[in-house]
Amino acid sequence: SADWKVRQPLAAATASPERRPPLDDEFLRARHQGKSDRGELPPRFAPFIDEIRAAVRARHYSYRTEQTYVGWITRFLAYAAPEKRQDLHPSQAKDYLDYLSVVRRVSSATQNQAFNSLLFLFRSVLEMDFGRIEGVQRAEQRRRVPVVLSRAELTRLFEALPDSCRLPVRLFYGAGLRLMEGLRLRIQDIDLELMQIVVRRGKGGKDRIAPLPVSLVEELREQIAKVRAIHEADLAKGYGDVELPDGVALKYGGRAREWGWQYVFPAPGFSVDPRTGRTGRHHLHEVNIQRAVRQAAREAGIAKTVTPHILRHSFATHLLEDGADIRTVQELLGHSDVSTTMIYTHVLNRPGLAVRSPLDR
């Protein structure tokens, strides 16, 4: 249908926000009977999905954000099953968020991710006023105590890791990096003179400074030398391009082969950029690190559920154990609110941050 192929701005929703009292789960399950967000979309949706991708890229969002938005919008379209784009309305988004909470039983973080994707759809693609979506059944938000590894467990974990993953994983812990922050590090982000790491475009698009562990300096020098040799070999073969952040790519696209922009932990082979179609060497794939950490934890006899993000939890907790100020840890982690950092005080046994069991008196 032409309704899906031609972009037609929709009129803003003029109706006042729908208000209703919360409904019980049983009623909502009955309401969504027969509904599903699974399955492939009919071919008529393909141009519309392409339009959504174009809107994401026009705003210079990351490829990961593009995948997230397109994924949730695709599932929403499967749920709403509109005949044409004019049939879409924010009230359907409200119903879908209810469905995710009551039928799919997703977490609050997952429901919020879906909400942000639908907000982008209606505001930036359909040009419809999303309004205030009230009365949505909220997914239960659980406050969980973070898993933390002891220093002895960390030592066993590092020893069990394969050689190709040991340095990046130790750096994630030593600098308190998120998985993708560590994998996206460029040569120019490692300052061996000032002993610091510049984390660029972290969560929320923020930059910050992280400490560079002294114990890893020599290994990082060797790693950088290896990357230099790999890059020079790639250039000799006519390659050497690396993915650049959108702003840099637009203004300085020729820098894709410059030494400073190369990844500290490059992939073992070439790959094709799904956006530009250019062949280059990307960073190590996050799945390889995740699998290596899980396998190493099993071999090390660690009963806890271990993921790369637990290294960041352990970094923060151990800093606090060593007497670091909570505000300092907040800055190192890149948290906007100190209340987020406070979750790491749960294992401390210091006045003002924890209590002593009466059994130990």
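Biologist: In this predicted model, what does buried mean for a residue?

Modeller: The term rests on relative accessible area, computed with a 1.4 Å probe on protein chains only. A residue counts as buried when that area is under 20%.

Biologist: Which helices do the buried residues of α6 pack against?

Modeller: The buried residues of α6 include Ala114, Leu118, Leu121 and Val125. Ser108, Gln111, Ser117 and Ser124 are also among them. The buried residues of α6 pack against α3 (46–58), α4 and α5 (90–102).

Biologist: Are α4 and α6 roughly parallel or roughly perpendicular to each other?

Modeller: Helix α4 (residues 63–80) and helix α6 (residues 108–125) have axes 9 Å apart and pack at an angle of about 85 degrees. Angles of 65 to 115 degrees count as roughly perpendicular. The two helices, α4 and α6, are therefore roughly perpendicular.

Biologist: How many charged residues has the contact of α4 with α6?

Modeller: From α4, the residues that meet α6 are Thr68, Tyr69, Trp72, Ile73 and Phe76. Their partners in α6 include Gln113, Asn116, Leu118 and Phe122. By class, this contact has nine nonpolar residues, five polar residues and, of charged residues, none.

Biologist: How far apart are the end C-alpha atoms of α6?

Modeller: Helix α6 has 18 residues, which should span 26 Å at 1.5 Å a residue. The model agrees with that expectation, the end C-alpha atoms of α6 being apart by 25 Å.

Biologist: Which helix gives the most to the largest nonpolar core?

Modeller: The largest nonpolar core has 49 residues, and Ile190, Ile197 and Ile289 have the most contacts inside it. Elements that give two or more residues to this core include α7 (151–160), α8 (163–175), β2 (196–199) and α12 (286–299). With seven residues, the helix that gives the most is α8.

Biologist: Which residues of α8 is Ile289 in contact with?

Modeller: Leaving aside neighbours within four places in sequence, the contacts of Ile289 include Leu179, Leu183, Leu284 and Pro308. Helix α8 covers residues 163–175, and its buried residues include Cys165, Pro168, Val169 and Phe172. From α8, Ile289 is in contact with Cys165, Pro168, Val169 and Phe172.

Biologist: How far apart in space are Leu332 and Gly176, C-alpha to C-alpha?

Modeller: Gly176 follows α8 and has a positive phi, near 70 degrees, whereas Leu332 is in helix α14. Leu332 touches Arg208, Ile209, Pro211, Phe315 and Leu319, not counting residues up to four places away in sequence. Although Leu332 and Gly176 are 156 residues apart in sequence, their C-alpha separation in space is 7.4 Å.

How values were computed. Residues are numbered from 1 along each chain as its sequence is written. This is a predicted model: local features need pLDDT of at least 70, side-chain atom pairs count only at pLDDT 80 or more; totals for chains, interfaces and linings use all residues. Side-chain values use heavy atoms; hydrogens and water are left out. A nonpolar core is a set of buried Ala, Val, Leu, Ile, Met, Phe, Trp, Tyr and Cys residues joined through side-chain atoms within 4.5 Å. Buried means under 20% relative accessible area, exposed over 50%, partly exposed in between (1.4 Å probe, protein chains only). Helices (H or I, at least four residues) and strands (E, at least two) are DSSP runs, numbered from the N terminus. Contact means heavy atoms within 4.5 Å. Axes are lines fitted to C-alpha atoms, for helices over the stretch in contact, and angles run from 0 to 180 degrees between N-to-C directions. Angles under 35 degrees count as roughly parallel, over 145 as roughly antiparallel, 65 to 115 as roughly perpendicular and the rest as oblique. Ala, Val, Leu, Ile, Met, Phe, Trp, Tyr, Cys and Pro count as nonpolar, Asp, Glu, Lys and Arg as charged, and the others, Gly among them, as polar. The expected span of a helix is 1.5 Å times one less than its number of residues.
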